[in-house]
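Visitor: Got a minute to walk me through the charges on this one?
Guide: Sure, pull up the model and fire away.

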Amino acid sequence: MKEKMTYQEQLKKKLRNLSDSLAELTFKAEQLQDNATLEFEEQMESLRDKQQKVREKLQELEEASDEAWEDIKDGLDHAWSDLKKSLDSAWSRFKSDKKT
């Protein structure tokens, strides 16, 4: 039970930090030229969808029994990894677009 609670709290903290990063990326993307802005809006929509998926999985985890939570954890870890990878990619694209 303690391991589940610790995992949940760590993931909630990561999700809050990621939300801050998304907000910062959105602010910076708004300063780009129009054609780049459209591309970033599409990326941001994808990131928000993935963020929502992580939130839904986290909700499933919170509602799961102590016996079932580890099964849900695997899917949640995968969703988190996908979200983080997409965010890192968006930041990388922003930085490269900013240089041009």
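Visitor: Let's start with Lys 84: what is its relative accessibility, and how does Lys 84 count on the burial scale?
Guide: Keep in mind that this is a predicted model. Buried means under 20% relative accessible area and exposed means over 50%, with partly exposed in between. Lys 84 comes out at 35%, so the label is partly exposed.

Visitor: Which residue meets the side chain of Lys 84 in a salt bridge?
Guide: Look in helix α3, four residues away from Lys 84, or about one turn of the helix. The partner there is partly exposed, at 39% relative accessibility. With an N to O distance of 2.9 Å, the residue you want is Asp 88.

Visitor: Which residues are joined into one network by salt bridges that share partners?
Guide: One link is the salt bridge between Glu 62 and Lys 12, where the closest N and O atoms are 2.9 Å apart. Shared partners then tie the group together as Glu 9, Lys 12 and Glu 62.

Visitor: How many residues apart are Glu 62 and Lys 12?
Guide: Glu 62 sits in helix α2 (residues 34-63) and Lys 12 in helix α1, so this pair links distant parts of the chain. Both ends are partly exposed, Glu 62 with a relative accessible area of 29% and Lys 12 with 25%. Along the chain, the separation is 50 residues.

Visitor: What is the N to O distance between Lys 73 and Asp 77?
Guide: These two both lie in helix α3, four residues apart, about one turn of the helix. Lys 73 is partly exposed at 22% relative accessible area, and Asp 77 is partly exposed at 30%. Their side chains meet in a salt bridge, N to O, at 3.2 Å.

Visitor: Which helix gives the most to the negative patch?
Guide: The patch on the surface is formed by Glu 3, Glu 70, Asp 71 and Asp 74. Patch members need over 30% relative accessible area and no salt bridge, and Glu 70, for one, has 45%. Glu 70 is placed in helix α3. With three residues, the top contributor is helix α3.

Visitor: How far does helix α1 reach from its first C-alpha to its last?
Guide: Helix α1 covers residues 2-29, which makes 28 residues. At 1.5 Å a residue, 40 Å is expected. The model's span is close to that, at 40 Å.

Conventions:
Residues numbered from 1 in each chain as written. Predicted model: local features only at pLDDT ≥ 70, side-chain atom pairs only at ≥ 80, totals over all residues. Heavy atoms only, no water. Patch = residues over 30% accessible without salt bridge, like charges linked within 9 Å, V, L, I, M, F, W, Y side chains within 5 Å. Areas by Shrake-Rupley, 256 points an atom, 1.4 Å probe, with all protein chains shown as cover. Salt bridge = Lys/Arg side-chain N within 4 Å of Asp/Glu carboxyl O. Lys, Arg positive; Asp, Glu negative; His and termini not counted. Charge placed at Lys NZ, Arg CZ, Asp CG, Glu CD. Buried < 20%, exposed > 50% of the residue type's maximum accessible area, 1.4 Å probe, protein only. Expected span 1.5 Å × (residues − 1).
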